[in-house]
Amino acid sequence: MKLCRAVVVWICLLAAVLFGGTAAAVAQQPPRDVLVVATSADPQTVDPGWEMDNHAWMVFYYAYDRLMAYKGGTTGVEPQLAESYSVSPDGTVWTFKLRPGVKFADGTPLDAEAVRFTFERLKAIGAGPSEVFPTLDRVEAVDPLTVRFILTRPFGPFLSTLAHPGASIVNPRAVQARATQEDPWAKRYLAENTAGSGPFVLREWRKGERLVLEANPAYWGPKPALSRVLIRIVPESNTQRLLLERGEVDIAESLTPDQIAQIESQPGVRIERHPSFFVQYVYINNRKIADPRMRQALAYAVDYAGIIATVERGLAVQMRGPIPKGMTGHDPAAFQYTHDPQRARTLLQQAGYDGRELRLLFADRFPWWPALAQYLQANFSAAGVRVKLEQYAWATLRQKYQEGDFDLALGIWTPDFADPYMFMNFWFDSSNWGLAGNRAFYSNPKVDELVRHAAASTDQAERLRLYAEAQRTVIEESPYLYLYQKTLQIPMRARVKGYVFNPMLVDMYNFPGISKD
Amino acid sequence: MWAYALRRLLAVVPTLFGVTLVTFFISASIPGDPAVLVVGQRASPETLERVRHEMGLDRPLPVRYLGYLRGLARGELGRSLRTQRPVAGDLRERFPATLELTAAAMAFAAVAGTLLGTIAAVRGRLWDTLTRMVAVAGISTPVFWWGLLLVLLFYRQLGWLPAQGRFDPFLDPPPAYTGLHLIDALLSRDWQALVIASRYLVLPAFTLGSVQLALVARMIRTGMLEVLREEFVRTARAKGLTERVVVFRHALRNATIPALTAVGLAFGELLGGAVLTETIFGWPGMGKYAVDSIGSLDYPAILGFTLVVGAGFALINLAVDLLYAVVDPRIRYG
């Protein structure tokens with residue numbers, strides 16, 4: 001008995017120390033000038049010259065400025081570091097006048113040389129972000145406040161690309177000071193630190209725990225209402241939900257639709273819902289399914305409304321051709337496939353479908369993919385097409401995209417810059433076969449010509465006409481199944497004010513404009 | 001004993017070599033291209049090629065492996081494809097968190113398990129049944145279920161303990177002498193930090209330790225029951241010693257040896273197996289890092305993690321073998 005008593009006493013003592021004065025210490029409401037965001041993982045790096053992940057962009061986007069910026073919640077761009085710009089008649093030379101008096105966070109002046117250096121670094125590293133500037137030849141600093149971009153050929157979306165996170169202007173002095181023989185572009189330094197002129201500075205990064213952004217006191221623009229942004233790494237979505245419910249975090253990034261439905265009605269919680277350019281489609285391997293009638297049959301077999309209602313709980317809009325609603329070039333009158341299994345059967349017959357089993361590939365990458373794959377399988381089977389489902393690891397599936405080792409495969413797409421180029425040229429130009437964008441291995445010389453012309457033209461009306469014509473063909477020939485564009489849900493505390501959703505900045509929050517009640 | 005320890009240490013080297021060989025070729029033969037994961041959705045073939053070259057992925061496998069071994073000989077674990085940083089640095093940053101969590105879980109399992117096991121063996125049927133129920137529940141409940149349950153109870157319902165992380169997100173942790181928050185707080189005499197760090201540690205350590213607790217309790221109980229039937233225990237009782245002295249001084253020490261083996265093995269397992277617990281509680285350790293690395297085929301990071309866990313496993317086993325001699329004076333190494 002003595003033994004038991006001793007144990008009980010010890011446990012009580014320990015509990016008293018640990019739980020003593022607890023209530024206050026557990027549910028910490030962040031102060032008004034601190035925004036707390038719960039996200040599921042660390043970014044890999046925060047290097048604008050290297051990262052192609054929204055997760056990382058969210059952290060560093062507002063630590064840097066760019067020549068151009070998105071106008072509020074729209075896809076249009078306006079000057080940011082640039083004051084004015086002009087373009088040569090042939091569309092290959094762009095000249096920018098820079099805003100005077102802008103300094104990097106360490107006091108170094110931001111001049112034309114910094115812009116030139118940024119793009120030199122980008123091209124030298126040659127990772128994902130450099131792909132956003134496919135026609136950029138070189139950048140010249142004409143004088144301290146004048147910078148000239150020379151393109152190898154005209155590029156319609158050029159201005160828009162300058163708002164891309166990869167176009168963030170980095171501080172040459174900070175980079176050169178850390179450059180070594182082995183690491184001439186200071187990738188290691190910029191992987192973990194920011195060196196920009198934006199309204200925030202990355203102050204601290206405790207891996208797996210938190211990142212701290214602090215307002216940049218030297219910022220040239222209006223002072224943000226927030227003095228700090230605390231990004232907490234919370235891998236478990238259930239925990240994110242609890243933290244949001246208790247007000248410990250202001251924005252919870254990775255809640256499931258179930259969890260969002262459960263917290264929706266709670267006081268103090270608000271769900272922001274916005275149509276996005278996050279597009280869900282199906283790649284049809286055109287090399288294996290070469291007859292357009294067969295592909296049309298598949299498009300008629302899909303129950304679009306049913307998928308949106310069940311798989312996406314109504315939070316999606318059926319696409320009308322490849323360019324999503326809200327993006328320039330979207331054609332509201334474009335032909336839209338409907339659920340018509342009878343028609344599908346007829347087309348299958350005409351195409352001479354031999355009843356062979358098709359392989360539909362997907363991965364564990366997105367939580368709704370298994371349900372979507374099963375739904376499609378049932379749709380196809382109702383129209384008389386046998387489909388076998390194959391699930392892979394994400395990295396493996398991407399390999400298979402690249403090699404074209406599939407009949408059908410689920411895929412998603414988001415645009416890097418706000419231009420129909422992101423859809424039309426990537427998806428249909430036959431020089432982009434495989435992972436690079438044309439994952440259907442589609443080839444039509446006429447479409448190639450149309451989208452290439454549209455890319456090279458700087459006459460917006462002409463471009464839209466060319467894209468519209470190309471769209472008609474690719475809807476007719478159905479190299480992909482255009483399923484839906486998702487409506488994004490962002491759960492946050494009701495006290496968060498000034499949040500602006502920009503479809504180009506998915507999973508990113510406009511920290512400089514946000515305040516709290 | 002020192003000669004023995006040294007011999008055992010040397011024997012670890014070929015084991016670790018084998019570990020690198022197997023892990024390297026397995027992770028390299030998984031279909032999928034790490035470069036693709038780095039350059040994003042839609043890189044052109046030229047970009048892919050360049051990045052692949054920069055990451056050294058265009059060289060033949062054996063050459064890559066030899067390069068890796070050469071680095072290893074210099075004490076380098078290579079550069080992570082994902083974070084662009086030396087793997088050794090990445091792991092060093094996260095190792096203390098995992099060590100602190102596993103050590104706390106193990107300490108909890110060892111102490112509570114020994115107590116439960118002893119009580120089960122010494123007290124009557126009722127206690128035995130009770131501890132068996134605890135043990136079965138501990139072994140058969142998946143870690144993530146335990147974790148979620150505890151979070152719901154202690155964070156959501158009672159509001160007693162934090163659900164997530166390793167330290168108050170609004171405060172700075174104690175200065176990192178060792179990287180173990182508890183020890184650092186003690187060293188810097190920061191009692192508030194000590195309490196905060198302990199509070200963050202309780203739920204994850206309890207969750208992670210629960211399975212091992214059950215194992216230890218069962219082993220101690222069995223050992224105890226055997227030992228208590230032995231003649232020296234009867235002798236001790238006949239000498240008029242109190243039951244407490246008989247049980248704890250005489251019997252428990254003898255019942256500990258099999259449990260010690262279990263604890264040693266379990267500790268190694270915990271090092272590698274803290275993955276789920278770390279994910280549930282947002283604990284910034286190596287387990288979470290390993291999972292992220294596997295997801296992006298970051299083979300230098302996967303290898304580094306495997307090596308560290310392998311080395312930890314080997315060292316702990318050695319330590320356990322040496323401890324036998326301490327617990328049981330009849331065992332000698334030489």
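In which helix of chain B is Phe25(B) found? The exercises below concern a predicted model, and this question opens the first of them.

**Exercise 1. Locate Phe25(B), classify its exposure, and identify the surface patch to which it belongs.**

Solution.
1. Phe25(B) lies in helix 1 of chain B, which spans residues 2-29.
2. The relative accessible area of Phe25(B) is 31%. Partly exposed residues fall between the cut-offs of 20% and 50%, so Phe25(B) is partly exposed.
3. On the surface, Phe25(B) joins Phe17(B), Leu21(B), Val22(B), Ile26(B) and Ile30(B) in a nonpolar patch. Together these residues have about 510 Å² of accessible area.

**Exercise 2. Describe how helix 17 of chain A is oriented relative to helix 16 and helix 15 of chain A.**

Solution.
1. Two packed helices are described by the angle and the distance between their axes.
2. For helix 16 (residues 445-456) and helix 17 (residues 460-477) of chain A, the angle is about 155° and the axes are 8 Å apart.
3. Angles over 145 degrees count as roughly antiparallel; helix 16 and helix 17 of chain A are therefore roughly antiparallel to each other.
4. Helix 15 (residues 421-428) of chain A crosses helix 17 of chain A at roughly 45°, and their axes come within 11 Å. Helix 15 and helix 17 of chain A are therefore oblique to each other.
5. As to handedness, helix 16 of chain A passes helix 17 of chain A in a left-handed crossing. The crossing of helix 15 and helix 17 of chain A is left-handed.

**Exercise 3. Determine whether Arg313(A) and Phe441(A), two non-glycine residues with positive phi, are buried or partly exposed.**

Solution.
1. Arg313(A) has a phi of about 50° and sits in the loop between helix 11 (304-310) and strand 13 (316-318) of chain A.
2. With a relative accessible area of 47%, Arg313(A) is partly exposed.
3. Phe441(A) has a phi of about 55° and belongs to the loop between helix 15 and helix 16 of chain A.
4. The cut-off for buried is under 20%; Phe441(A), at 5% relative accessibility, is therefore buried.

**Exercise 4. State how many residues of helix 8 of chain A are buried, and characterise the glycine that follows this helix.**

Solution.
1. Helix 8 of chain A covers residues 237-245, and 8 of its 9 residues are buried.
2. Among the buried residues are Ser237(A), Gln240(A), Arg241(A) and Glu245(A), as well as Leu242(A), Leu243(A) and Leu244(A).
3. Gly247(A) follows helix 8 of chain A and has a positive phi, near 80°.

How values were computed. Residues numbered from 1 in each chain as written. Chains lettered and ligands numbered in written order. Predicted model: local features only at pLDDT ≥ 70, side-chain atom pairs only at ≥ 80, totals over all residues. Heavy atoms only, no water. Patch = residues over 30% accessible without salt bridge, like charges linked within 9 Å, V, L, I, M, F, W, Y side chains within 5 Å. Areas by Shrake-Rupley, 256 points an atom, 1.4 Å probe, with all protein chains shown as cover. Salt bridge = Lys/Arg side-chain N within 4 Å of Asp/Glu carboxyl O. Helix = DSSP H or I, 4+ residues; strand = E, 2+ residues; numbered from the N terminus. Buried < 20%, exposed > 50% of the residue type's maximum accessible area, 1.4 Å probe, protein only. Axes fitted to C-alpha atoms, helices over the stretch in contact; angles between N-to-C directions. Parallel < 35°, antiparallel > 145°, perpendicular 65-115°, else oblique. Left-handed = near helix turned anticlockwise from the far one by under 90°.
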